[in-house]
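Biologist: Please show me the model, and let us discuss how its parts pack together.

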Amino acid sequence: MNKKFDFLDAEIAQLKAENRFIHLHELQSAQSPVAVIDGKKVVNLTSNNYLNLTTHPKVKQAAIEAIEKYGIGTAAVRTIIGTMTMHEELERRLAAFKGAEAAILTQSGFTANTATCQCLMTSPEDVLISDELNHASIIDGGRLAKAKKKVYRHSDMAHLKEILESDEVKNARRKLLVTDGVFSMDGDICHLPDIVELCNKHGVITMIDDAHASGVLGEHGHGTVEYFHMQGQVDIQIGTLSKAFAAVGGYVAGPQKLRDYMVSTARPFLFSSSQPPSVIATCLAGLDVIENEPERLQKLWDNTHYFKTALQQAGFDTGHSQTPVTPVMVGDSAQAQELSRRLFDEGVFALAIVFPTVPRGKERLRTIVTAGHTREDLEFAAAKFAKVGKEMGLIK
């Protein structure tokens, strides 16, 4: 018996004592609004499948045809022999989708953030400025970058202004501000107009992570920039292909010279094999669906407004959410875990989010509705939330 890892026993025991030990749930069906999880059919309120593209016939067929034509993978990095015509086509279309000059694909949204921060912030004389509730990939990107880090209080524009006017930022060689468009745990939207105005005044590059906004925000689902009618005013837009696009991968959209530079310097791009043809084909087909089936975006927002209102009328605190990401605030790890377990027993899957993903005292269930949920699905889920919430004394 290998005793080299016995030191982890105490660590695991501590995680369990703090209700932070994660048990993986097994998805035994397609990633659908109603799914089979751990052997039970449940209304699924945990998926990022915003536009319900995981099972769209056109998207599935695109993957099948790509495998038949090109095989299952490229078996190479982009810079050797892993760049196919379809990779470059997707990059061109994503750039157009984001209103940018160019785009570069990465293996995930996580690596899109880390690669960009690491590429641009290469000296201790640089400064990277970040919202305190930014995604973990931005935080890790800052750790990989050689720049000094400055963190402003969440969406606090007065604090941001104070940081930008500091001598340390004024005298920096390069300055980069990074913010989520939609904050993934709270569902609120960044104050983009104020951020851009302040950054332009102080010569700061602006970068927005639109993981939960692409395909979701804006008249055509183009993201936070479109939502605020600020096309052409944000320097870099980060996107993921694993949420509204329902596949996997990420991208960086911005100036052509940024793409050119990252092709030669972005370590995740340089040292990871490119996405398989089937993935690229599904993303291209997903773009077609987003552009040609606007009713999906409308249905997403109709469902969002209905479910958020139902939770609030039941007496739940949904925080400051403005998007399909709707937290149900609990404020205690044990109670959040218990609420999730009891809802699952009732046929609703909504996971508890606890420290360190959120601060202590801010534990919650994070719910996300999709365009694929029926009104009956959401009525059922809202009724179960109300039932279990009352039984636990969380609401009256």
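The questions below concern helix packing and nonpolar cores.

Modeller: This is a predicted model, in which local features need pLDDT of at least 70, side-chain atom pairs count only at pLDDT 80 or more, and totals for chains, interfaces and linings use all residues. Residues are numbered from 1 along each chain as its sequence is written, and side-chain values use heavy atoms, with hydrogens and water left out.

Biologist: Are helices α13 and α15 roughly parallel or roughly antiparallel?

Modeller: Helices here are DSSP runs (H or I, at least four residues), numbered from the N terminus. Axes are lines fitted to C-alpha atoms over the stretch in contact, and angles run from 0 to 180 degrees between N-to-C directions. Helix α13 (residues 295–314) and helix α15 (residues 375–391) pack at about 20 degrees, with axes 10 Å apart. Angles under 35 degrees count as roughly parallel, so α13 and α15 are roughly parallel.

Biologist: Which residues of α15 make the contact with α13?

Modeller: Contact means heavy atoms within 4.5 Å. From α13 come D302, N303, Y306, F307, A310, L311 and A314. Their partners on α15 are R375, L378, E379, A381, A382, F385 and A386.

Biologist: Which element gives the largest share of the largest nonpolar core?

Modeller: A nonpolar core is a set of buried (under 20% relative accessible area, 1.4 Å probe, protein chains only) Ala, Val, Leu, Ile, Met, Phe, Trp, Tyr and Cys residues joined through side-chain atoms within 4.5 Å. Of the 39 residues in the largest one, Y50, L90, L94, L241 and L300 touch the most other members. Elements giving two or more residues include α3 (85–98) and α13. The largest share, nine residues, comes from α12.

Notes: Angles under 35 degrees count as roughly parallel, over 145 as roughly antiparallel, 65 to 115 as roughly perpendicular and the rest as oblique. Buried means under 20% relative accessible area, exposed over 50%, partly exposed in between (1.4 Å probe, protein chains only).
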